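Trainee: Could you take me through one part of this model up close? I'd like to see how the strands there pair and what they pack into.

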Amino acid sequence: MPKVKFVPQNLELEVPPGANLRQVLLRNKQPVYSRITQFTNCRGHGLCGTCWVEVDPTSQLSQRTFREKLKLSGRGDSVRLSCQTRVLGDCTVQATAGSLDLASDPTGAKSRRELFGLAWSAGTSLFLAQFGVVSVWFMWPRFKAGEFGGKFDLGPFDQLEVDRMYPDYRQTGRFWLIRLPDRLRSADEKETPQGLLALYTTCTHLGCKPEWVAVNNRFECPCHGSKFQKDGTYISGPAPRGLDRFEVTLDRDGNVIVDTGRLVRGQPHGVDNIKRQDT
Ligand code: FES
Ligand code: FES
């Protein structure tokens with residue numbers, strides 16, 4: 001087994017042939033990186049150039065990789081990127097970035113250059129965080145009232161003409177407005193104001209638009225045959241749950257508001273989308 005000698009720490013180890021030098025150093029708690037680059041290095045991908053070591057003889061090491069040639073151009077052959085180097089025979093590590101760091105300041109005090117680096121990193125992180133928050137703010141979808149994704153004001157409840165027999169299809173909002181007996185509540189215990197439900201017109205299987213089939217008094221999906229009761233409760237077919245719906249509320253003036261930005265998921269098989277208030 002090849003032997004690797006670490007001069008800075010006066011240590012000698014046997015390693016398996018072909019061992020990655022960076023991993024050998026780290027496993028044996030050798031100072032590979034300088035203080036700042038312990039946190040900012042590329043974790044062995046050959047991109048940052050901070051894991052350099054001085055080793056000889058180079059004949060006992062793998063060939064310089066393409067990334068080493070890029071990162072170390074102009075530096076002697078004995079300088080290698082430890083993450084790109086494999087140990088093939090006995091060799092000696094003369095120095096690493098971390099060992100020089102310790103040698104220059106054994107107390108661990110930070111140099112002005114390091115402090116400048118830390119301040120720069122902190123400033124950059126702060127800038128990126130602010131940039132991220134502002135970008136999300138601008139990209140976050142905001143919908144106007146009356147367009148899908150926003151709120152629909154259907155006017156005063158007492159002027160709303162909702163036929164108790166038939167769902168009222170609202171194309172712009174992509175929902176059916178349904179009136180059920182007032183004493184019913186949704187399965188999630190939220191009251192359905194005046195028995196109103198706004199069912200989303202999208203099948204919970206693969207997104208087709210089910211049709212209201214009056215003769216069967218239920219919704220039927222033309223694509224794969226899922227069937228749902230008038231309140232969206234699952235009956236049969238490949239749909240995984242009942243129809244989803246949008247939140248319906250009454251505002252202070254008694255206007256019915258359907259919020260198509262707030263989807264309430266349909267109930268799973270065997271569970272009614274709504275239930276009686278007194279159960
Ligand atoms: S760890 Fe970044 S180049 Fe080796
Ligand atoms: S999309 Fe409706 S059943 Fe498949």
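Mentor: Strands E17 and E18 pair antiparallel over six bridges, where strands are DSSP runs of at least two residues, numbered from the N terminus, and two of them count as paired if DSSP finds at least two bridges between them. This is a predicted model, so local features need pLDDT of at least 70 and side-chain atom pairs count only at pLDDT 80 or more, while totals for chains, interfaces and linings use all residues. Residues are numbered from 1 along each chain as its sequence is written, with chains lettered from A and ligands numbered from 1 in the order in which they are written.

Look at the bridge partners: Thr249 is matched with Ile257 in E18. E17 and E18 make a hairpin with four residues between them, and Gly254 in that turn has a positive phi of about 85°. E18 also runs antiparallel to E8, joined to it by four bridges, and there Lys151 sits opposite Asp259 of E18.

Now for the packing. E8 (151–156), E17 (245–250) and E18 (255–264) are among the elements giving two or more residues to the largest nonpolar core, along with E10 (175–179) and E12 (196–200). That core has 22 residues, and Phe175, Ala198, Leu199, Val248 and Val258 have the most contacts inside it. By nonpolar core I mean a set of buried Ala, Val, Leu, Ile, Met, Phe, Trp, Tyr and Cys residues joined through C-beta atoms within 7 Å; buried means 20 or more other C-beta atoms within 10 Å of a residue's own, exposed means 12 or fewer, and partly exposed is in between, with C-beta atoms placed from the backbone. In soluble globular proteins, nonpolar side chains tend to be buried together.

E12 gives the largest share of this core, five residues. Leu199 touches Phe175, Trp176, Ile178, Gly232, Leu243 and Arg245, leaving out residues up to four places away in sequence; touching here means C-beta atoms, placed from the backbone, within 7 Å. Apart from this core lies another, of 18 residues, including Val32, Val55, Cys83 and Cys91.

For a bit of contrast, try the open sheet of four strands, ordered E13-E14-E15-E16 with antiparallel pairing. E13 (211–213) and E16 (234–236) are its edge strands, each pairing on one side only. Glu220 is in E14 and touches Pro210, Glu211, Val213 and Lys227, again leaving out residues up to four places away in sequence. Glu220 counts as partly exposed because 17 other C-beta atoms lie within 10 Å.

Note on methods:
Two residues are in contact if their C-beta atoms, placed from the backbone, lie within 7 Å.
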